[in-house]
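Q: I would like a close look at a single part of this model. Please give a connected account of that part and of its surroundings.

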Amino acid sequence: MTDEAATGRGTGRARIAASILDADLGNLAHGVRRVTAAGADRVHLDVMDAHFVPNLTFGAKTIKALRPRTQVPFDAHLMISEPGRYIEEYLDAGCDSVTFHVEIEEAIAPTLKAIKAAGRAAGLAVKPGTPLSALEPYADLLDIVLIMTVEPGFGGQAFMKDVLAAKAAGARQLLARKLYGGEVHVDGGINRETAEFAGSQGVDVFVVGSALFVRGRDMGREIRLIRALADEGYQYGLNDGKPPIPHDRMAHLASLPKHLAHRLMGEIEATGIPVIMLRGEGQINPDGVRDYDLLVPASVEEHVVANHGTSRDRLLAEADDWRAGLLAKQG
Ligand code: DX5
Ligand code: ZN
């Protein structure tokens with residue numbers, strides 16, 4: 001498997017596998033370059049044959065053409081009826097891990113063995129309606145358990161929270177026989193609203209698709225945010241087992257007029273720490289616009305204050321001058 005450390009990806013525990021299903025299908029190479037530049041830990045490749053699922057995407061030939069475009073590991077998700085028939089093509093295409101569905105009619109163990117024999121990670125995926133027990137017969141051959149939290153076939157669907165809550169611990173149990181390296185993956189509806197809960201369930205790899213391809217959204221920032229929220233959720237999952245309330249996990253750093261809030265956010269984000277900038281409920285400035293609140297992950301609040309507290313205080317003072325200046329102009 002291509003070494004994640006070599007590509008200098010996420011520092012936290014959570015791994016982000018960016019799905020290119022919602023990228024421009026007319027220019028997948030660009031999609032792969034974009035998610036690489038944005039800091040994705042893996043490229044998630046949704047292969048659909050219009051038979052196992054009601055959609056058709058791309059196959060091994062396309063993946064082979066995309067392979068040289070990035071160093072980031074290729075995580076293939078085969079939603080096809082006959083993975084065994086085509087497995088050599090996917091291995092030859094350079095997939096670092098191959099996950100297919102337990103609901104197929106084909107024999108499963110030989111395909112898992114073929115993937116492992118090629119030195120790649122082998123995984124099985126379960127649809128929302130499929131019990132985890134269906135994986136039991138193959139537990140010793142599994143490196144990856146992929147929990148679908150949407151019906152496979154399309155991006156942009158709603159996250160099925162109960163499905164993950166019901167299966168995450170069992171998936172970890174299934175992989176517990178492995179000395180090391182077993183991974184629980186979640187796929188479907190992961191975004192900044194659902195990442196923290198998914199993290200609290202102990203998931204290792206988070207497949208994210210449509211949430212990264214929202215027009216006008218900074219993909220790199222979205223990946224950092226989802227990763228930070230997932231890590232935060234995991235910590236809280238460890239702490240008390242109760243799903244955390246997301247908003248409490250972000251600490252309020254400052255309230256500033258928009259242009260100054262942008263400046264402080266930019267300074268902090270340049271160090272890789274995600275910042276949420278929200279229109280506040282605080283004071284209305286002489287230009288009629290309320291101050292904006294800057295929130296940072298609670299787990300790094302001390303670090304942010306230690307490194308950016310001086311800038312914050314300078315900008316707070318500048319804000320006062322700016323308000324006074326505006327008021328003077330307004331007479
Ligand atoms: C759906 C695919 C997913 C999908 C995720 O069948 O397996 O990987 O692309 O997309 P979002 O994150 O939009 O649910
Ligand atoms: Zn997928």
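Which side chain does the side chain of Asp204 join through a polar contact, and over what distance?

A: The structure is a predicted model. In it, the side chains of Asp204 and Arg13 are joined by a polar contact of 2.8 Å. Asp204 is situated in the loop between H6 and E8. The relative accessible area of Asp204 is 13%, and the cut-off for a buried residue is under 20%, so Asp204 counts as buried.

The elements on either side of this loop may be taken next. Strand E8 comprises residues 205-208 and runs parallel to strand E1, to which 4 bridges join it. Within this pairing, Ile16 of E1 has Phe206 in E8 as its bridge partner. E8 is also joined to E7 by 3 bridges, and these two strands likewise run parallel. Here the bridge partner of Asp187 is Val207 in E8. The path of the chain leads from E7 through H6 to E8, a β-α-β crossover that is right-handed. The loop that holds Asp204 lies between the last two of these elements, H6 and E8.

Strand E7, residues 183-187, is largely enclosed by the rest of the structure, because 5 of its 5 residues are buried. Its residues point in two directions: Glu183, His185 and Asp187 one way, Val184 and Val186 the other, and all are buried. E7 also pairs with E6 in the parallel sense, over 5 bridges. In that pairing, Ile144 has Glu183 of E7 as its bridge partner.

Strand E1, residues 15-19, is mostly covered, with 4 of its 5 residues buried. Besides its pairing with E8, E1 pairs with strand E2 (residues 42-48) in the parallel sense over 3 bridges. One bridge of that pairing gives Ala18 the partner Val43 in E2. E1 and E2 belong, together with helix H1 (residues 28-37), to a right-handed β-α-β unit. Gly31 lies in this helix, H1. With a relative accessible area of 4%, Gly31 is buried. The C-alpha atoms of Gly31 and Pro152 are separated by 21 Å, and the two residues are 121 residues apart along the chain.

The ligand provides a further view of these strands. Ligand 1 is surrounded by 20 residues, of which the closest are Gly153, Gly156, Asp187, Gly189 and Ser210. Asp187, a residue of E7 that is buried, has a polar side-chain atom 2.7 Å from an oxygen atom of ligand 1. For Ser210, the distance from a polar side-chain atom to an oxygen atom of the ligand is 2.5 Å. For Ser19, the corresponding distance to an oxygen atom of ligand 1 is 3.1 Å. On its own, ligand 1 has 380 Å² of accessible area, and the protein covers 99% of it.

Helix H6, on the other side of the Asp204 loop, takes part in an aromatic contact. The count of aromatic pairs comes to 1. This pair is formed by Phe159 and Phe197 and is edge-to-face, with 6.4 Å centre to centre and 65° between the planes. The pair links distant parts of the chain, 38 residues apart: Phe197 belongs to helix H6 (residues 195-200), whereas Phe159 sits in the loop between strand E6 (144-148) and helix H5 (161-175). Both phenylalanines, Phe159 and Phe197, are buried. H6 thus holds one ring of the aromatic pair, and H6 is also the helix through which the chain crosses from E7 to E8.

One more buried residue may be added from another part of the chain. His308 has its place in helix H9, residues 301-330. His308 counts as buried at 7% relative accessibility. His308 and Leu253 are 55 residues apart along the chain, and their C-alpha atoms are separated by 10.0 Å.

As wider context, the chain contains 9 helices and 11 strands. Its C-alpha atoms fill a box of roughly 80 × 45 × 35 Å along the principal axes. Of the 331 residues in the chain, 53% are buried. To return to the request, Asp204 is a buried residue whose side chain is joined to that of Arg13 by a polar contact.

How values were computed
Residues are numbered from 1 along each chain as its sequence is written. Chains are lettered from A and ligands numbered from 1 in the order in which they are written. This is a predicted model: local features need pLDDT of at least 70, side-chain atom pairs count only at pLDDT 80 or more; totals for chains, interfaces and linings use all residues. Side-chain values use heavy atoms; hydrogens and water are left out. Buried means under 20% relative accessible area, exposed over 50%, partly exposed in between (1.4 Å probe, protein chains only). Two strands pair if DSSP finds at least two bridges between them. A crossover is right-handed if, with the strands pointing away from the viewer, the path from the first strand over the helix to the second runs clockwise. A residue is near a molecule or strand if one of its heavy atoms lies within 4 Å of it. A polar contact is a pair of N or O atoms within 3.5 Å; within protein, one must be able to donate a hydrogen and the other to accept it, and residues adjacent in sequence count only if both atoms are side-chain atoms. Accessible areas come from the Shrake-Rupley method with a 1.4 Å probe; for residues, only the protein chains shown count as cover. Rings of Phe, Tyr and Trp (its six-membered ring) pair if their centres lie within 6.5 Å; planes under 30 degrees apart count as stacked, over 60 as edge-to-face and the rest as tilted.
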